[in-house]
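Hi everyone, thanks for coming. Please have a look at the structure on the screen, and then we'll walk through it together.

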Protein chains: 2
Amino acid sequence: MSTRFQRRIPEGEDRERLICGDCGFIAYENPKIVVGAVVGEGGRVLLCRRAIEPRRGFWTLPAGYLEMGETVEEGAAREAWEEARAKLALEGILGVYSIARIGQVQVIFRARLAEPGFAPGPESLEVRLFEWGEIPWDEIAFPSVRWALAAWREGRAAVAGNPPEDARGMAGL
Amino acid sequence: MSTRFQRRIPEGEDRERLICGDCGFIAYENPKIVVGAVVGEGGRVLLCRRAIEPRRGFWTLPAGYLEMGETVEEGAAREAWEEARAKLALEGILGVYSIARIGQVQVIFRARLAEPGFAPGPESLEVRLFEWGEIPWDEIAFPSVRWALAAWREGRAAVAGNPPEDARGMAGL
C-alpha cells in the first residue's frame with residue numbers, strides 16, 4: 001500500500017475512504033466475494049490441503065475470490081478446476097456466510113463431480129475424498145469450511161446463513 | 001479515475017489489473033455485493049421509487065452496496081432503513097443473482113416489516129406497498145428486481161440463482 005493514501009471522508013459521503021493524497025483517486029474498499037463448493041461423491045466430500053499461506057497444510061474447500069466478469073457459478077467452477085482439477089456439476093447454493101471482520105462474503109455451492117477425476121492444482125498439496133467420519137476436523141483451515149460441511153451433511157434444502165453464535169460454540173464451529 | 005492508472009498484468013498474476021504508474025498501487029477491481037430485500041406485508045410488496053440516477057423515477061427494491069464490516073443481513077437491514085425507513089425481519093435468502101457484465105452479485109432476502117411504518121429516505125421519491133396485480137412492471141428499475149419479485153411470488157423454498165436465459169425471455173424478465 002502506497003504511503004500516499006490517506007483515510008478521510010470524501011465530500012458528500014458519510015464514511016472514511018482510502019484516498020491518494022497525490023491525485024485524489026478513491027480506492028473504495030468493498031467486501032470481497034469468495035465462491036466455493038462442497039463437492040460430494042458417493043457420500044464422501046472433496047477437500048484440498050493448502051499449499052499456500054494462510055493455513056498452509058490445512059484442509060479446505062475448493063474456493064477463492066470471485067473475479068470481475070464472472071457469475072458466482074462460473075467462479076465456483078473455476079476455483080474447483082484451479083485448486084483441485086475437478087469439473088463440477090453445481091446443485092444450488094448451500095450457504096452464504098459473512099465474515100464481516102475481514103470484509104468477506106462467501107457463496108458456497110453444493111456440487112458433485114461432473115467428470116471423474118481430480119488432482120492438486122498449484123495451490124494445493126493434496127486433494128482427496130473423505131468419508132464423513134474421516135474428516136480431519138482439527139486440521140480444517142477456516143471455521144466457514146466447518147459451517148459449509150455441516151450444512152452439506154444436514155442436506156439443508158434452504159440456504160444457510162452464518163450459524164447462530166450458540167450453535168457455533170456447541171458444535172465447535 | 002486518475003489518468004496515472006494503467007492496465008497491466010502484475011508479476012506473478014494471470015490477468016490485467018489497474019496499476020498506478022506513479023507509485024505502483026494496484027487498485028484491484030473486485031465484484032461488488034448488493035444486498036436487498038423483497039419485503040412482504042399481507043400479500044403486498046414494498047417498492048421504492050428512485051430519487052437518484054440511474055433509473056430515477058423507476059421502482060426498485062430497498063437495496064444497495066454492502067459496506068465493509070457488515071454481514072449481508074446487516075447490510076440488507078441498513079438499506080431498508082436508508083431507502084424506506086423500514087425495520088425488517090429477515091426470513092432467509094431469496095436469491096443470489098450475478099450481473100457479471102458490471103461485476104455485481106446481489107444477495108436478496110425475503111423479509112417482512114418488523115415494525116409498522118415506512119417512509120421515503122433521501123434516495124427515494126416514494127415508498128409504497130403494492131398488491132401483486134398493481135406492480136408497475138413497465139416502471140421497474142432493473143431486471144433483477146423482476147427476478148426477485150418472481151422468486152418471492154413463487155414462494156421458493158430454496159435460493160434462486162439467475163433465471164435461465166429462456167425463462168427470462170418468456171417471462172419478460
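Let's begin with one word: contact here means heavy atoms within 4.5 Å. Please also keep in mind that this is a predicted model.

With that word in hand, how many residues does each chain bring to the contact? Chain B gives 34 residues, and chain A gives 34 residues as well.

Now, how do the chains relate? In general, two copies of a chain are related by a rotation about an axis and a shift along it. Here, chain B falls onto chain A after a rotation of 180° with 0.0 Å of shift along the axis, and the RMSD is 0.1 Å. That is the relation of a two-fold axis. The two copies use the same surface, since 100% of the contact residues of chain B recur in chain A.

What about area? Between chain B and chain A, about 3,100 Å² is buried, and carbon and sulfur atoms give 67% of it. On the chain B side, the residues that lose the most area to chain A are B:Phe25, B:Pro31 and B:Met68, together 18% of what that side buries.

Next, the charged partners. There are six salt bridges between chain B and chain A. One of them joins the side chains of A:Arg4 and B:Asp22, at 3.5 Å from N to O.

Which elements of chain B give two or more residues to the side that touches chain A? They are strand 4 (32-41), helix 1 (72-84) and strand 8 (88-99). By type, the residues on that side of chain B divide into 17 nonpolar, seven polar and 10 charged.

Thanks for listening!

Key. Residues are numbered from 1 along each chain as its sequence is written. Chains are lettered from A and ligands numbered from 1 in the order in which they are written. This is a predicted model: local features need pLDDT of at least 70, side-chain atom pairs count only at pLDDT 80 or more; totals for chains, interfaces and linings use all residues. Side-chain values use heavy atoms; hydrogens and water are left out. Copies are superposed by least squares on the C-alpha atoms of residues with pLDDT of at least 70 in both. Buried area is the accessible area (1.4 Å probe) that two parts lose on being put together, summed over both. A salt bridge is a side-chain nitrogen of Lys or Arg within 4 Å of a carboxyl oxygen of Asp or Glu. Helices (H or I, at least four residues) and strands (E, at least two) are DSSP runs, numbered from the N terminus. Ala, Val, Leu, Ile, Met, Phe, Trp, Tyr, Cys and Pro count as nonpolar, Asp, Glu, Lys and Arg as charged, and the others, Gly among them, as polar.
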